[in-house]
Amino acid sequence: MCQHQPPCPTAESAAREAARLVAHHPEQGWSLLCNGVLLFEDTGELLPDGKIIAPHRPLATGSVVKAA
């Protein structure tokens, strides 16, 4: 699918999220990358072959507040 030079990472690549945006719909919570990956705002992904990648948000490392 990708016509860029150098080509974007494939959908099977670990770096697939680095592909360029083709369509961006923040109001609906998703973006389409040029390698065919649907990237959702919760960090989940749908690959072109139908495989689902579960959301993988990083754990918060900010301040922790304890109840008194």
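The following exercises, each with a worked solution, introduce a predicted model.

Residues are numbered from 1 along each chain as its sequence is written. In this predicted model, local features need pLDDT of at least 70, side-chain atom pairs count only at pLDDT 80 or more, and totals for chains, interfaces and linings use all residues, while side-chain values use heavy atoms, with hydrogens and water left out.

**Exercise 1. Determine the strand order of the open sheet and state which strands stand at its edges.**

Solution. Strands here are DSSP runs of type E with at least two residues, numbered from the N terminus. Two strands pair if DSSP finds at least two bridges between them. The open sheet has 5 strands in the order β1-β2-β3-β4-β5, and the pairing is antiparallel. β1 and β5 (52-53) each have a single partner strand, so one side of each is left without a neighbour in the sheet. As a detail, β4 and β5 run antiparallel and are joined by 2 bridges; Glu-45 has Ile-53 in β5 as its bridge partner.

**Exercise 2. Identify the residues of the largest nonpolar core, and describe the surroundings of Ala-11.**

Solution. A nonpolar core is a set of buried Ala, Val, Leu, Ile, Met, Phe, Trp, Tyr and Cys residues joined through side-chain atoms within 4.5 Å. Buried means under 20% relative accessible area, exposed over 50%, and partly exposed in between (1.4 Å probe, protein chains only). The largest such core holds 8 residues: Cys-8, Ala-11, Ala-19, Leu-33, Cys-34, Val-37, Leu-47 and Ile-53. Contact requires heavy atoms within 4.5 Å. Beyond its neighbours within four places in sequence, Ala-11 is in contact with Arg-16, Asn-35, Val-37, Leu-47 and Pro-48. Of these, Asn-35 lies in the loop between β2 (30-33) and β3 and counts as buried at 10% relative accessibility.

**Exercise 3. Describe the backbone and the surroundings of Thr-43.**

Solution. First, locate the residue: Thr-43 lies in the loop between β3 (38-40) and β4 (45-46). Next, consider its backbone: phi is positive, about 75°, although Thr-43 is not a glycine. Thr-43 is partly exposed, with a relative accessible area of 22%. Then examine its partners: not counting residues up to four places away in sequence, Thr-43 touches Ala-54, Pro-55, His-56 and Arg-57. Thr-43 and His-56 are 13 residues apart in sequence, yet 5.8 Å apart in space, C-alpha to C-alpha. Finally, the side chain of Thr-43 reaches the backbone nitrogen of His-56 at 2.7 Å.

**Exercise 4. Find the cis peptide bond and its omega.**

Solution. The bond from Gln-5 to Pro-6 is cis, with omega near -5°. Pro-6 is placed in the segment before β1 (21-25).

Technical notes. Helix = DSSP H or I, 4+ residues; strand = E, 2+ residues; numbered from the N terminus. Polar contact = N/O pair within 3.5 Å; in protein donor to acceptor, adjacent residues only side chain to side chain.
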